[in-house]
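Reader: I am new to reading models of this kind, and I would like to understand how such descriptions are justified. Could you take me through a few of them slowly?

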Amino acid sequence: MLDADFFRRWMTATAASVEREADRLTALDSPIGDADHGSNLRRGFAAVTATLEKEAPDTPGGVLTLAGRQLISTVGGASGPLYGTLLRRTGKALGDASEVSEADFAAAFRTGIEAVTTLGGAAPGDKTMVDALLPAVDALGDGFAAARTAAEEGAVATTPLQARKGRASYLGERSIGHQDPGATSSALLVAALAEANGD
Ligand code: ADP
Ligand code: MG
Ligand code: MG
């Protein structure tokens, strides 16, 4: 079973890897965006860990809804509302249980991803974070490590795609040949899940 502490570790591990990889995320966002993805997420997840320490929610749903709200209020770019919605809606779907199963989490995470597609309108193959998140949730039944591999492969597979959503879509065919920054950060988010689980 996964408790509030597991979800706190997930957010802390995400903040640490975003911090480590911020320059790479920003570099990926420079040919096909506005070179702020690393700094956006670094600011957002630093705020998330600070808030979680201060307020210390005691349920999985409480941790994720608070994290999501914090991302929405601290990240100005497209990724803030999208990641904020992902975590907030995943948290809402977990309700107020003090512990949840991996299957409960997988179902809730799928609800969160669906909320991202509703908000942003991205379909699979549009070269967005969805291209890492959907394969990850599809693989979650095989465990967190399988989800991590699926997300990493999904992020790499965005390279030959033409962007159809977000800033990168303004470039049309010139967006081809670059890995999507948001899919790359989503792979970090999913890898942090495996890390929180000790995989
Ligand atoms: P901004 O583009 O506002 O500067 P960021 O650089 O922080 O925001 O985030 C860019 C990432 O957000 C993209 O690489 C993409 O993965 C994701 N993204 C942008 N628009 C959408 C959308 N409509 N649906 C899903 N993901 C999106
Ligand atoms: Mg950007
Ligand atoms: Mg921006």
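Author: Helices here are DSSP runs of at least four residues, numbered from the N terminus, and the model they are taken from is a predicted one. With that in hand, Ala35 can be placed in the loop between helix 1 (4-28) and helix 2, where its phi is near 55°, a positive value in a residue other than glycine.

Reader: What makes Ala35 partly exposed?

Author: Buried needs 20 or more other C-beta atoms within 10 Å, and exposed means 12 or fewer; Ala35 has 15, so it falls in between and is called partly exposed.

Reader: Why does Ala56 count as exposed?

Author: Ala56, in the loop between helix 2 and helix 3 (60-74), has 12 C-beta neighbours inside 10 Å, and because the limit for exposed is 12 or fewer, it counts as exposed. Ala56 also has a positive phi, of about 40°, although it is not a glycine. Most residues other than glycine have a negative phi.

Reader: How do you know that helix 8 is largely enclosed by the rest of the structure?

Author: Of the 16 residues of helix 8, 14 are buried, so the helix is largely enclosed.

Reader: What span should helix 8 have, and how far apart are its end C-alpha atoms?

Author: At 1.5 Å a residue, helix 8 should span 22 Å, and its end C-alpha atoms are 23 Å apart, which agrees. Helix 8 (181-196) also gives the most to the shell around ligand 1, with three residues.

How values were computed
Residues numbered from 1 in each chain as written. Chains lettered and ligands numbered in written order. Predicted model: local features only at pLDDT ≥ 70, side-chain atom pairs only at ≥ 80, totals over all residues. Helix = DSSP H or I, 4+ residues; strand = E, 2+ residues; numbered from the N terminus. Expected span 1.5 Å × (residues − 1).
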